[in-house]
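Hi everyone, thanks for coming along. I'd like to walk you through a structure today, so please have a look at the picture while I talk.

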Amino acid sequence: MKKLQLVSIAILALCSVSLAQDKLLTLDDIFSPDPKIRVRLGGTPVFVQWAPDGKSFRQAIGGRLMRVNAVTGDAVPYFEPGELVAALMRAGVKQADATVIAGSSNLLFDSAEQGILISHAADLWYFSPAARQLRRLTNSPDVEEKEADFSPDGRWASYVRGNNLFVVEVRTGNEKQLTRDGREGDKAIYNGYLDW
């Protein structure tokens, strides 16, 4: 009899816990002055991007780009951002802007993670963390390069400028225009989204 009573009490306790989980959200919960009750709906969404190793992802944590192990949650710096900030400042970028660029979670790395493609001031730049060098790939301040991406082997960077497709060799900076039909107007031909 006592076992039946204990089982009944345990079932009732579990039912009350599960019913508490289905409680509807109320205005009192949202605006409660008690921090234990108040529901926080603000904040910023977290942007993550998988690293090529398939075991970790990139995430900005505290204004710094980190490599987070997906299994353990351990986070280590993705690269030394101070070197990128210094290189950008030597190229004439303001320190505040350089710091934001270096800490961004959507920096575009090549497939080997040996180079970073940066879009700034309507131009493309290439940064090599190993060599600590920043190199300007394009120089067209009047027309912005859009949809920039690395080729799968990392040798080329592609982009759209003035509705035409271009590539630039990362090592030499030699630029090639691949299309010439991207005119604007009623009969415009747009190249659409790029994909290597």
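**Hairpins, helices and salt bridges**

Let's start at a turn: the hairpin of strand 2 and strand 3 has two residues between the strands, and Gly-62 there takes a positive phi near 60°. Before I go on, please keep in mind that this is a predicted model.

Strand 2 and strand 3 run antiparallel, and six bridges join them. If you want one pair to find on your screen, Phe-57 has Val-68 in strand 3 as its bridge partner.

Strand 2 also pairs with strand 1, residues 48-50; these two are antiparallel as well, with three bridges between them. Here Gln-49 stands opposite Arg-58 of strand 2. The hairpin that connects strand 1 and strand 2 has five residues between the strands, and in it Gly-54 takes a positive phi near 70°.

Remember Arg-58, please. What is Arg-58 linked to by salt bridges? Arg-58 belongs to a network of salt bridges together with Asp-53, Arg-67 and Glu-113.

Now for the helices. One general idea helps here: an α-helix has 3.6 residues a turn, so residues three or four places apart point the same way.

Take helix 3, residues 81-90. Its buried residues are Pro-81, Leu-84, Val-85, Ala-87 and Leu-88. Looking down the axis of helix 3, you find these buried residues within an arc of 165°, so they line one face of the helix. And what covers them? The cover includes strand 3, helix 4, strand 6, strand 7 and strand 8.

Both ends of helix 3 have something to show. At the N-terminal end, Glu-80 acts as a cap, with a side-chain oxygen 3.2 Å from the backbone nitrogen of Gly-82. Just after the helix comes Gly-92, with a positive phi of about 100°.

Helix 4, residues 95-102, has Ala-98, Ile-101 and Ala-102 as its buried residues. Seen down the axis of helix 4, they fall within an arc of 95°, so they too line one face. On the other side of helix 4, Ala-96 and Val-100 are exposed. Among the elements that cover the buried residues of helix 4 are strand 3, helix 3 and strand 6.

Let's finish with charges. Side chains of opposite charge can pair when their charged atoms come close. How many salt bridges are there in this model? The count comes to 10.

I'd like you to look at Arg-161. Its side chain meets that of Glu-145 in a salt bridge, at 2.9 Å from N to O. That pair links distant parts of the chain: Glu-145 sits in the loop between strand 8 and strand 9, Arg-161 is in strand 10, and they are 16 residues apart. Both residues are buried.

Arg-161 also forms a salt bridge with Glu-175, at 2.7 Å from N to O. Again distant parts of the chain are linked, as Glu-175 is in strand 12, 14 residues from Arg-161. Why does Arg-161 count as buried? Because its relative accessibility is 15%, and buried means under 20%. Glu-175, at 38%, counts as partly exposed.

One last pair: Arg-171 forms a salt bridge with Glu-169, and their closest N and O atoms are 3.7 Å apart. Is Arg-171 buried or exposed? Arg-171 is exposed, with a relative accessible area of 66%, whereas Glu-169 is buried, with 11%.

That's my tour, so thank you for listening!

Notes
Residues numbered from 1 in each chain as written. Predicted model: local features only at pLDDT ≥ 70, side-chain atom pairs only at ≥ 80, totals over all residues. Heavy atoms only, no water. Salt bridge = Lys/Arg side-chain N within 4 Å of Asp/Glu carboxyl O. Helix = DSSP H or I, 4+ residues; strand = E, 2+ residues; numbered from the N terminus. Buried < 20%, exposed > 50% of the residue type's maximum accessible area, 1.4 Å probe, protein only. Arc of directions from axis to C-beta. Contact = heavy atoms within 4.5 Å. Pairing = 2+ DSSP bridges. Polar contact = N/O pair within 3.5 Å; in protein donor to acceptor, adjacent residues only side chain to side chain.
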